[in-house]
Amino acid sequence: MTLGIIIQARMGSTRLPGKVLRDISGKPLLAHVLGRLQMLKRPAKIVVATSSAVGNDIIETWCLQHGVGCFRGDEADVLDRYFECARSLGMSDIVRLTADNPFTDIEELERLIALHQEQGFDYTHAFGQLPIGVGAEIFTFEALSRSHREGKLPHHREHVNEYFTDRPELFKIGQLDIPPAKVAPNLRLTVDTEEDWKRACALTAQAGATWLGTEEAIRLCSSSA
């Protein structure tokens, strides 16, 4: 089994343009996403998947400068971008992350991958209980291939996971149980707006040199509310 982690990234966000390289506590958002993955104990191929649009040249340049793998594919057809990236790198199981989530919970990601592989799920996710932007999802290459082959609607092409959720009868789907102390589904720890970005800056500043854990992030946000 070859575990892959594909981080989708683009500069053309409508609500916060250029956010993936926007500074948070002295380094770009994308660097925070990648930095967290250094804590992952199991080996994985990590690649940033952006599009071939000229506006994303800067992402590829940043990746090359920092020794990070970069794949470029279709701008609008994100499902095709993931499929071609995973196929070209020989990935058997693929974790999907996005470059606007600097607080991915690596402990829960480890548990997610273990659950997925041990139970033989096609698609496994950790959404619905963790703060928004902290969870992740993983799927087999076979499931991704089926989605790529059969998912024809526009939202299937734009969102990698929506053929799984639209046609659950076709896939063996798992969901990770989340410890009660990390349950805060209404807390936004993603970066999609100016307010999100300010929150991320404040949280990383308070964390200092350490990686902020989910429980601590919940506590800090609760105390500042």
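Q: Which residues line the largest cavity, and how do they divide by class?
A: In this predicted model, the lining of the largest cavity includes Thr104, Asp105, Glu108, Leu109 and Leu112. Ala126, Leu130, Val134, Gly135 and Ala136 also belong to that lining. By class, the lining has 6 nonpolar, 2 polar and 2 charged residues.

Q: How many cavities of 30 Å³ or more are there, and what is the volume of the largest?
A: The count of cavities of 30 Å³ or more comes to 1. The volume of the largest cavity is about 40 Å³.

Q: Where is valine 95 found, and is it buried or exposed?
A: Valine 95 is found in strand S6. Beyond its sequence neighbours up to four places away, it touches Leu3, Gly4, Ile5 and Ile6, as well as Leu109, Ile113, Ala136, Glu137 and Ile138. Because its relative accessible area is 0%, under the 20% limit, valine 95 is classed as buried.

Q: What distance separates the C-alpha atoms of valine 95 and isoleucine 7?
A: Valine 95 and isoleucine 7 lie 88 residues apart along the chain. Their C-alpha atoms are separated by 8.4 Å.

Q: Which element supplies the largest share of the lining of the largest pocket?
A: The largest pocket holds about 1000 Å³ of space and is lined by 35 residues. Nearest its centre lie Gln8, Arg96, Thr98, Asp100 and His159. H3 and S6 each supply at least two residues of the lining. The largest share, 3 residues, comes from S6.

Q: How many residues of each class line the largest pocket?
A: The lining of the largest pocket comprises 35 residues. By class, these are 13 nonpolar, 11 polar and 11 charged.

Q: Why does asparagine 101 count as buried, and which side chains does it join by polar contacts?
A: Asparagine 101 is found in the loop between S6 and helix H4 (106-119). It counts as buried because its relative accessibility is 12%, which is under 20%. Leaving aside residues up to four places away in sequence, asparagine 101 touches Val33, Gly133 and Thr190. Its side chain has a polar contact of 3.0 Å with that of threonine 98 and one of 2.6 Å with that of threonine 190.

Q: Which residues of helix H5 are buried, and what covers them?
A: Helix H5 spans residues 141-150, and its buried residues are Phe141, Ala143, Leu144, Ser145, Ser147 and His148. What covers them includes two helices that come later in the numbering, H6 (154-158) and H7 (162-166). The cover also includes helix H3 (78-88), strand S6 (93-98) and strand S8 (137-140).

Q: What is the phi of serine 25, and is this residue buried, exposed or partly exposed?
A: Serine 25 is found in the loop between strand S2 (23-24) and strand S3 (27-28). Although it is not a glycine, serine 25 has a positive phi of about 50°. Because its relative accessibility is 43%, serine 25 counts as partly exposed.

Q: How many disulfides does a search of the whole structure find, and how far from cysteine 63 and cysteine 85 is the nearest cysteine sulfur?
A: A search of the whole structure finds 0 disulfides. Cysteine 63 is in no disulfide, because a pair of sulfur atoms must lie within 2.5 Å and the nearest cysteine sulfur, that of cysteine 70, is 4.4 Å away. Cysteine 85 is likewise in no disulfide, and its nearest cysteine sulfur, that of cysteine 70, is at 8.9 Å.

Definitions and conventions: Residues numbered from 1 in each chain as written. Predicted model: local features only at pLDDT ≥ 70, side-chain atom pairs only at ≥ 80, totals over all residues. Heavy atoms only, no water. Buried < 20%, exposed > 50% of the residue type's maximum accessible area, 1.4 Å probe, protein only. Helix = DSSP H or I, 4+ residues; strand = E, 2+ residues; numbered from the N terminus. Contact = heavy atoms within 4.5 Å. Polar contact = N/O pair within 3.5 Å; in protein donor to acceptor, adjacent residues only side chain to side chain. 1 Å grid on protein atoms, 1.4 Å probe; cavity = no way out; pocket = protein on both sides within 12 Å on 5 of 7 lines; lining within 4 Å. Points joined across faces, edges and corners; volume = space filled by probe spheres on them. Nonpolar A, V, L, I, M, F, W, Y, C, P; charged D, E, K, R; others polar.
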